[in-house]
Amino acid sequence: MAGRTALGIAAALWMGLALAPALAWPAAAAWLALALLLAALAWRAPRRTAGVALVLLALSVGVARGGAERARLAHMRAALAVGEMHLRCAAVVLEPPRSESGTPVALVRVCRCTPPLPRGARLRLRLPPACAAQWGDTVVVFARIEAPHAASNPGAFDALAAADAAHVLGSGRAFHASVRPARGLAQAPRRWVSAVRGHVQTALDGALSPLARELAVPLVLGDRSAMSPELDAEVRTAGLVHLIALSGLHVGWLAAMARGIAASLRGGPRARALVGALAACGFAALAGPMPSLLRAVAGECARAGAGLTGRAHDALQSLAVAALLLLLGAPGLSRDLAFQFSFAASAGILALTTAAAALAPPPHAPARGFTWATTLVRHALQLAGVTAAAQVATLPLMLARYHTLPWTSLLANVAVMPLTELLLTAAWAGGALEALAPGGAGALLQACEPLARMIRAVTGAAARVPLALLPTGHAPALAWIAAMGAVTLALALAPPRSVRARARPWTPARSRIAVLGAALAVCSWLAALSARPLLPAPGHWWLLAIDVGQGDALVVAGEDGWSLIDCGARGPHWDAGEGAVLPVLRWAGVRELRLLALTHDDGDHTGGSDAVRRGVRVRAFVAPAPRPGVPGPCVRFGASPVGAGDTLGRAPLMIARWPPRPGAPGEANIARRGDNAAALVLEVGGGSHRAWLMADADSVVEAQLSPCAPVALLKAGHHGSGSSSGAAFVARAQPERVVLSVGARNVYGHPDAGAVRRLGRGGAVLERTDHDGLLWYDVGPVGVDRLDWRRGEPWHARALEAARARGAWRPRAQP
């Protein structure tokens, strides 16, 4: 990395932005003073001292800039302190709306608003389907806006962090919108780009099948709003999100294609450089100003500038300059996950340029037998090397954010990457040509169909490999080891900046650094592969109520493993199994479920089961026994039948209490009352610390159950509806804690006010997933404690139990 001052400055700026809340203004002033002092001394030793001064100055600027941005965002957040509000405002559309799903979603900047919001506040709005707003237009809307919330489940998507990174105040739905088209000479480029984008989208929608459109539209326009949950889950599981999403890889490919066309037309170096930069800028303009694209465009422009001036191009230095410019313009990008992945992958690939170049075919290889096969193998190895470099660089982010190891993605990338670039070229060129000359791009658009089918076949095969995304658990040490390995390898393998230095042999110190980096990277992989699942302390067991919105997903964890009861709902654009249940299991390092039980065949209980079974191994899969008129999940999902009296677990003890086996006395009434009456009711635990999990059982079922009072934990039946949690049953159970699994503002009005009064009449503590997110209970010999997963208490369960035995720990007070 020698001679690349911009790298150190960019890293210091990024660090300052990340540490802004901790260091704040005094530290920034101290660093600035030290930087100025070193700058004054730089007259005598200009190189090293000036470099150190610039790095310290960047660190202080980062702290100050980050602190100011966070303070400004906190001030704007105060306007939405109530969490939700209705407003009428005029706002400018800041990027091309995502409208492939039929409902446009736009990022807007507020100009005027009633009630008032801070001027310049950003909102993400779901516009009415008929709204034709384009980039740069002004929309006048009446909308309901909500403040973003932090992740309600461990490992799940954090809407608050994403909103902070994009500097978005809130999001919501516009009930009415009128459009004022952008006018004036300054808006002409945006209008032209919007028109071209609309024609390209119309051409792709009209010429491609839904299967091909699901892949082509995200590649060309960056609009993934219509992607099905199945395809999205397959792409994520196979580790191929970066190939389907807009990324710098695609910008570089299109720029290279443009340079190749210019070279075939006998264009010189300057013409090729200029054409490559124009292609990159055109792609970014068509898709929108996304951070990963802006980074790639900055790199291509730097390359073009070097080509036009006849100077050598240093890709690493250009990457650092692009990071500097983007972070100074938008400090929130330092916390944007897509931005982090983009720069980490690019830095990893560029730092390993020498290793990848060693696998490239020589420019003038002698013609021998099987030369084409040797060349093909060399190119495949080079592609694998580039993919491996990107994976080594991004592995720390995968471990820290997604808690997974994508071990199959190396081969999947080698197979899919060429197909993706061919699909991008055909769709991009075909869409543009079809927009300019209707009917003239039939061959190009027809080529998208087989390419899309091949991509989906390879993606599906990679995603179906057992544990393709290997859960690793929430262990910060893993991510740190992987990060140290990636940085050490980059320092050792990055080519020197000067041509003379590149010709020198490796020094022993550089070799030792490379060996150390490789050892750290291998250690991180081995540690991730051998990670163990999180388990409670001996003699304890856990009950988790996962926040899946309006639905159920409960976890019981004990000495014999983890069990899952129900999996939440699945809708057109969101799967609770993929978006809520699997992140929790991966955060806990769970690779196998001892038991998966579906209580009954309602979509809000079974919708996520397919995703769960794809994501982890399932040892036993059970559901209530089928009966005439109520087949239940056994028939549809192939589960094994169980009934009242069956023992489903030993540690903790888990016994089915309802429904009775087919043919038992009173069983005939179940079919007449529907699926809820046949729902699986479970009793978990023993002694005085039992839990009753009531599924969607109503008061008629409750009348036939006799729980041993008091019940330590009661999962209220049917999400707290008025037909469940009858007064007689609550009086018999005498619950100490009640869990209500409900979705915020659900259309059913759950929980019912009368049910809430009945449940709390005996002094029980009521806790809801829509208020508190995932509820994590530790059940042991001394009682039930609620663990705070946001503070990492489940990961320190054994230490907490030892502290409890010494009297040095008490559970936090509950609301």
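Me: Why is glutamate 69 called buried?

Reply: Buried means under 20% relative accessible area, exposed over 50%, and partly exposed in between, using a 1.4 Å probe and protein chains only. Glutamate 69 has 17% relative accessibility, so the residue counts as buried. Please keep in mind that this is a predicted model, where local features need pLDDT of at least 70, side-chain atom pairs count only at pLDDT 80 or more, and totals for chains, interfaces and linings use all residues. Residues are numbered from 1 along each chain as its sequence is written, and side-chain values use heavy atoms, with hydrogens and water left out.

Me: What makes glutamate 69 and arginine 65 a salt bridge?

Reply: A salt bridge needs a side-chain nitrogen of Lys or Arg within 4 Å of a carboxyl oxygen of Asp or Glu. In this pair the closest N and O atoms are 2.8 Å apart, so the definition is met. Side chains of opposite charge can pair when their charged atoms come close.

Me: Why are glutamate 69 and arginine 65 separated by about one helical turn?

Reply: Because they are four residues apart in helix α3 (residues 46–77). Helices here are DSSP runs of H or I with at least four residues, strands are runs of E with at least two, and both are numbered from the N terminus.

Me: Why does arginine 65 count as partly exposed?

Reply: Its relative accessibility is 28%, so arginine 65 falls between the buried and exposed limits.

Me: How do you know that glutamate 230 and arginine 570 meet in a salt bridge?

Reply: Their N to O distance is 2.0 Å, so the pair satisfies the cut-off. The two residues sit in distant parts of the chain, 340 residues apart: glutamate 230 is in helix α7, and arginine 570 is in the loop between β10 (561–565) and α21. Glutamate 230 is partly exposed at 35% relative accessible area, and arginine 570 is partly exposed at 38%.

Me: What makes arginine 259 and glutamate 300 a tie between separate parts of the sequence?

Reply: Their side chains meet in a salt bridge, 3.0 Å from N to O. Arginine 259 lies in helix α9 (residues 248–264) and glutamate 300 in helix α11 (residues 291–309), so the pair ties together parts 41 residues apart in sequence. Both arginine 259 and glutamate 300 are buried.

Me: How many salt bridges does the structure hold?

Reply: The structure holds 27 salt bridges. Elsewhere, Glu84, Arg144, Glu146 and Arg745 are linked in a network of salt bridges.
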